[in-house]
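Colleague: Please take a close look at the cavity in this model. What is its volume, and which residues and elements line it?

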Amino acid sequence: MVTAVSVLATLAVLLQLRPVQVGGELFTALADMEELLETEAVLITNLDNYVQAQEEKLLQLRQRVSEYRREHTEAARDVSAYLSNPVNAFLLTKRLTTDWRYVEKLMTYEVGKEFLENVTSFRSVLKFPSDEDLNGAAVALMRLQDTYNLDTASLARGMLNGVQYSTELSAGDCFELGRQSYLNGDYYHTVLWMREAMDRLTSEVNRTATKEDVLEYLAFSTFKQGNIQTALSMTEELLELVPDHERAVSNKAYYVKELEKEAQQKLLRGDDGSEEVPIDTSTKIFTDGRPHVYDRNERKLYEQLCRGEQQPPVALRSRLVCRYTSNQSAFLRLAPLKLEEVYPQPYIVIYHGVMSDREIERIKHYARPRFRRATVQNYKTGELEFANYRISKSAWLKDAEDEMIRTISQRVEDMTGLTMETAEELQVVNYGIGGHYEPHFDFARREERNAFKSLGTGNRIATVLFYMSDVTQGGATVFPSLHLALWPRKGTAAFWFNLFPSGEGDYATRHAACPVLTGTKWVSNKWIHERGQEFRRPCGLHADHAVEEF
């Protein structure tokens with residue numbers, strides 16, 4: 001009978017190749033998601049061996065059935081003559097004693113036990129996604145759906161922005177997306193995906209979900225969206241399928257009472273017959289200036305920029321130029337950089353060809369084993385914490401670790417004319433499924449008194465953002481107030497000042513990383529601080545920012 005020797009051999013090879021890190025949050029970086037394919041390959045091999053073992057077991061049983069049936073048929077032709085032969089009498093007795101005991105043993109043998117034990121052992125050494133990863137991946141799809149205006153049916157067909165990328169989702173897949181949305185209290189997307197699951201159920205031969213389950217989630221989510229009449233109709237349809245469904249019976253009674261209350265309120269509304277105006281509760285506008293919260297207009301601009309629907313006016317763009325620059329650097333006089341202006345004020349530029357493929361691969365090599373989920377700074381406490389508005393993993397690389405990292409830091413100094421003595425370490429970031437970073441400031445504002453306090457190097461005066469990969473669709477860096485989008489191009493770097501020369505923050509530099517629709521996005525940041533820049537970027541004699549920003 002087949003054993004799991006080949007599976008364990010495969011696992012041993014994997015363990016020799018690399019140290020295995022076990023943990024969740026795999027959805028936050030595609031670099032970690034790649035390792036799930038290794039896990040799946042081992043599980044497929046294990047499952048294939050299990051199937052082979054089952055088939056061998058069934059083959060032995062079929063052979064016994066064929067053999068017993070042949071002997072029994074021969075005996076049935078003339079029972080007396082068959083049993084008069086002492087050999088036949090012995091064989092019949094043997095078949096019903098020792099042979100049958102072997103058959104019973106074979107029938108009761110649990111082929112799957114060995115292979116289930118393998119799976120248990122794999123969980124301690126291979127990366128397995130958690131329920132959090134499943135929920136995170138589902139939320140990422142919803143984020144992409146909203147940001148890029150993706151039609152639910154098209155997305156279910158595996159089509160992203162008109163391009164067919166993958167196989168279709170089954171009704172069960174759509175149901176799971178709806179269920180994950182439901183668990184998050186997101187009834188809008190629950191309704192979208194449960195309706196898609198219902199549509200797909202009608203065309204599935206081998207159904208991957210049940211109409212009863214879909215109706216249960218769909219009805220309640222429809223009620224939560226305020227449509228009680230439709231929720232009641234769906235609940236009644238559910239009760240036709242499952243008359244004793246406890247929750248459906250209870251919900252129906254509740255919906256009926258709520259509809260009666262609504263009817264009574266309409267009678268008391270007045271003689272003019274005017275209808276109630278629904279209140280928009282979908283958008284919350286905050287006025288406390290939290291760096292990760294943005295209002296409805298900025299949200300709209302952000303999404304339009306991510307879709308490439310907005311750009312600065314032609315009059316502004318016509319003044320921008322591309323040129324070679326040495327930036328008063330002795331080295332760059334020999335090898336000037338290619339500079340592309342993308343916005344005049346604040347001055348934002350793109351440097352082309354400033355990171356080679358070899359450097360990119362070396363940086364990735366150092367970063368991968370150190371990846372941790374990216375954090376943000378709490379605007380009140382200054383402490384680092386996880387946030388659902390930043391989905392990525394990051395690692396920090398010191399100049400002392402490798403000559404190549406030191407070379408990149410020197411290159412940033414040549415590019416910007418600013419000292420790297422007080423700059424932060426090189427941060428390497430890989431974005432996960434639908435990875436993004438919603439609108440934020442790189443600098444600390446006046447009320448963020450604890451930001452960068454431990455560094456003792458002042459505020460972040462400037463940002464250099466290296467793009468280490470091309471992105472098939474999505475992944476732009478956008479500045480909503482400037483109507484500007486920077487699209488990732490491997491080997492380029494964006495540069496801008498976060499502060500005015502006076503040290504006041506430039507609020508126009510508020511920016512965001514759009515969700516990655518398809519492809520993978522690698523970037524690295526070099527955040528440059530104020531300390532040591534006094535003579536490299538001195539203050540002017542006159543105010544350099546609007547009065548209202550004080």
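Modeller: In this predicted model, the largest cavity has a volume of about 170 Å³. A search of the whole structure finds one cavity of 30 Å³ or more. The lining of the largest cavity is made up of 17 residues, and the closest to the centre are Tyr431, His440, Leu465, His511 and Asn525. Five strands each give two or more residues to this lining: strand 10 (426-431), strand 11 (437-440), strand 12 (460-467), strand 17 (511-513) and strand 19 (522-529). Sorted by class, nine of the lining residues are nonpolar, five are polar and three are charged.

Elsewhere in the chain, two further features can be described. The UniProt annotation "coiled-coil region", which comes from an unreviewed entry, covers residues 44-78. Over those residues the model is 97% helix and 0% strand, and the C-alpha atoms at the two ends of the stretch are 52 Å apart.

The other feature is a nonpolar patch on the surface, formed by Val79, Leu83, Leu92 and Leu96. Together these four residues have about 350 Å² of accessible area. The elements that give two or more residues to the patch are helix 3 (79-84) and helix 4 (86-108); Leu96 is a residue of helix 4.

Terms used. Residues are numbered from 1 along each chain as its sequence is written. This is a predicted model: local features need pLDDT of at least 70, side-chain atom pairs count only at pLDDT 80 or more; totals for chains, interfaces and linings use all residues. Side-chain values use heavy atoms; hydrogens and water are left out. UniProt positions are given in the numbering used here, feature names are shortened, and annotations may be inferred rather than shown by experiment. Helices (H or I, at least four residues) and strands (E, at least two) are DSSP runs, numbered from the N terminus. On a 1 Å grid over the protein atoms alone, a cavity is a set of points where a 1.4 Å probe fits but cannot get out, and a pocket is an open set with protein on both sides within 12 Å along at least five of seven lines; lining residues have an atom within 4 Å of a point. Grid points are joined across faces, edges and corners, and a volume is the space filled by probe spheres set on the points. Ala, Val, Leu, Ile, Met, Phe, Trp, Tyr, Cys and Pro count as nonpolar, Asp, Glu, Lys and Arg as charged, and the others, Gly among them, as polar. Patches are made of residues with over 30% relative accessible area and no salt bridge: like charges are joined within 9 Å, nonpolar side chains (Val, Leu, Ile, Met, Phe, Trp, Tyr) within 5 Å. Accessible areas come from the Shrake-Rupley method with a 1.4 Å probe; for residues, only the protein chains shown count as cover. A salt bridge is a side-chain nitrogen of Lys or Arg within 4 Å of a carboxyl oxygen of Asp or Glu.
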